[in-house]
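Visitor: Please take a close look at one helix of this model and set it beside its neighbours in the account.

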Amino acid sequence: MSRARIVDSVDYKPFETKIPAGRSRAIPWATVMAGSLITIIPVVATIPLLPPFGFVMLLAWRLLARFAFRPWAAAPLGFFDDLVSGQPLGSAVLMWSLAFVAIDMIEQRLAFRDYWQDWLIAGGLIAACILVGRFIAVPVGAHVDTILIAQIAVTILMFPLAARIVAAIQNKRGAE
């Protein structure tokens with residue numbers, strides 16, 4: 001004779017499917033890699049305004065679900081982004097790793113954060129990453145400043161969409 005299971009939580013949903021642990025750990029990696037793969041879609045544009053979706057997804061995961069990635073995860077994901085996007089090899093590895101270090105330093109100073117602070121942190125890191133990438137990939141004499149400012153603005157405005165996607169996935173995969 002088995003005892004009936006006592007459930008103390010109001011949120012108990014016995015028929016909701018749970019994501020297996022292995023797949024649950026792979027989802028953040030897959031979403032960042034899918035964001036990086038968006039750059040290979042052939043888009044005809046007069047000015048290059050395509051945001052670095054992989055980096056935006058990485059920032060959204062790091063800021064919203066702190067333990068979704070290990071501290072070393074930015075390096076292999078940045079390497080994948082460098083391979084796919086055509087940037088000089090190692091540029092995203094360096095910038096993404098420095099972004100993780102910067103977020104860790106900010107988290108040590110701030111006891112609590114809200115959505116606006118996350119957006120401000122992401123915006124600063126996006127602007128820094130795109131500006132450093134410009135100096136790594138493009139000659140200094142090139143006139144790309146106006147286009148660069150537009151790309152930074154579009155990318156910062158894409159962060160809420162990435163945060164919404166990450167929040168929906170995190171809600172489905174459950175808290176770890």
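Guide: In α6, the buried residues (under 20% relative accessible area with a 1.4 Å probe, protein chains only) are Leu148, Gln151, Ile152, Thr155, Phe159, Ala162, Ala163, Val166 and Arg173. The model is predicted: local features need pLDDT of at least 70, side-chain atom pairs count only at pLDDT 80 or more, and totals for chains, interfaces and linings use all residues. Residues are numbered from 1 along each chain as its sequence is written, and side-chain values use heavy atoms, with hydrogens and water left out.

Helices are DSSP runs of H or I with at least four residues, numbered from the N terminus. The expected span of a helix is 1.5 Å times one less than its number of residues. For the 29 residues of α6 (residues 145-173) this gives 42 Å, and the end C-alpha atoms are 41 Å apart, which agrees. A kink of about 30 degrees nevertheless lies at Phe159, shortly before Pro160; the bend is the angle between axes fitted to the seven residues ending at a residue and the seven starting there.

Helix α4 (residues 91-109) has 19 residues, which should span 27 Å, and its end C-alpha atoms are 27 Å apart. Its buried residues are Ser91, Ala92, Met95, Trp96, Ala99, Phe100, Ile103 and Glu107. They cover an arc of only 155 degrees around the axis, so they lie on the same side of α4; the arc is that of the directions from the helix axis to the C-beta atoms. The face turned away from this buried side carries Met105, Gln108 and Arg109, which are exposed (over 50% relative accessible area).

Notes
Helices (H or I, at least four residues) and strands (E, at least two) are DSSP runs, numbered from the N terminus.
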